[in-house]
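Please walk me through this structure, taking one helix from end to end and then turning to the cysteines.

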Amino acid sequence: MIAGNIAWSAIAATDLLLLGRIRAEAVAAGALAINLFHALLLFGMGLVTAASPLIASERGRRRHSVRDVRRTVQQTLRAALFFVLPAWLLLRECEAILLAMGQDADLAREAGHLMHGLQWALLPFLGFTTLRNFIAALERPVWGLIIMLGAIPFNIVMGWALIFGHLGFPAFGLFGAGLASTLSSCFLFFGLLSVILVDRRFRRYRLMGRFWTRDRERQRQVWALGLPIAITLGFETTVFNASAFLMGLIDRDSLAAHAVAIQIAALVFMVPMGIGQAATIRVGIAYGRRDHAGIGRAGWLALMIGTGFACCAAALLILMPRTLVSAFLDLSNPANARTAALAVSFLAVAALFQLVDAAQAVGAGVLRGVQDTTVPMIFALVGYWIVGIGVGTLLAFPFGMEGLGIWFGLASGLGAVALLLITRWTLRERLGLLPA
């Protein structure tokens, strides 16, 4: 699960790497478009994440269940389709949305060009995520990793060809970067679907059998569990998106530096995110068995592993910031000097919040395993938006800390959410979160 998340983040990072070879402004425009896209993408991913705890708890109750697992996957795919249709209509107005947020007109126009190619990636990627949750809940996630590893070079080649005009394609520039991501998402979905239809361990579930059969109760369960997860991820994602938009109000160098630093932090975050996803499954299986001791063991072990990794990640960000930044920016180019210096300073703050970031990611995962998603959603609203954005805006503008103030605000918001989630996990039995 961890390796698959890193591969997914690497696919996103390759677009910025290629755009960084054009100019810093292209990175800034790409960051605006990608942030807006990811706000809706992660909302959809939260919705389809409902499949993991539902399948895991079903396997805890009846290990060889087939029909109920199939119904959960099918209804999750239908929920994804219902979400994507209005999301496409919103993303096509990318330029107008960015202009309404006060972003630079030239950057907004270029971001709109990228979004015209990128927006179609939403449906195939959510389909892939649903199928990946299915095989992960069966404790066989390796195929998701293999398909993702194949998508990395595919995305690089398609991005290189479509952005710069190679292999007989015209040079589409920013639009080509978005189109390459859409093609890569199709590669992911159809690649994993092919494996599931062929591999005998997955084929027996007949996921495409009577696909359009309605199951209102299962659809209700998917939305009841998935919508709070979606809103939680929406709060988390949009707070980082809002930080990018606030950076855009400062200057272009701050926005470009933020895009680089946040991409590095996102790569590191894939590890605790994967631990949290695995914890959801292990806790969910114990939840289905009504095994209170197993729930506690799986949850606390995941939290220990996640926070242990965070300490190593913090050391990496402190010791090697310029090396990490050099992957995205040409440090020998004087035009990038200020952007690089700002990115290094942002990574110093990112090192400080690694521990709380890991704790909140794994804490959310273990609570999803016991199908507790509504209260964590409220925690996310309070922590990310009231604490995080409030502190960040105050430090950035009235106190004159600019970009660093925004990053300290992000750290405070993550810390607040981590404290609330871990407290709730600790009190899980007293709060009646465990099965009777």
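What follows concerns a predicted model, read through one helix and then through its cysteines.

Helix α12 covers residues 252-289, and because each of its 38 residues should contribute 1.5 Å, a span of 56 Å is expected, with which the 54 Å separating its end C-alpha atoms agrees. Within α12 there is nevertheless a kink of about 30 degrees, which lies at F269, shortly before the proline P272. As for its surroundings, 31 of the 38 residues of α12 are buried, so the helix is largely enclosed by the rest of the structure.

The two ends of this helix can be described in turn. At the N-terminal end, D251 acts as a cap, with one of its side-chain oxygens placed 3.2 Å from the backbone nitrogen of D253. Beyond the other end, α12 is followed by R290, a residue whose phi is positive, near 60 degrees.

The cysteines come next. A disulfide is a covalent bond between the sulfur atoms of two cysteines, and when a pair of such sulfurs must lie within 2.5 Å to be counted, the model has 0 disulfides. C94 is accordingly in no disulfide, the nearest cysteine sulfur being that of C186, 20 Å away; C94 is also buried, since its relative accessible area is 1%. For C312, the closest cysteine sulfur belongs to C311 and is 6.8 Å from its own, which is too far for a bond. With a relative accessibility of 54%, C312 counts as exposed, whereas C94 is buried.

Key: Residues numbered from 1 in each chain as written. Predicted model: local features only at pLDDT ≥ 70, side-chain atom pairs only at ≥ 80, totals over all residues. Heavy atoms only, no water. Helix = DSSP H or I, 4+ residues; strand = E, 2+ residues; numbered from the N terminus. Expected span 1.5 Å × (residues − 1). Bend = angle between axes of the 7 residues up to and from the residue. Buried < 20%, exposed > 50% of the residue type's maximum accessible area, 1.4 Å probe, protein only. Polar contact = N/O pair within 3.5 Å; in protein donor to acceptor, adjacent residues only side chain to side chain.
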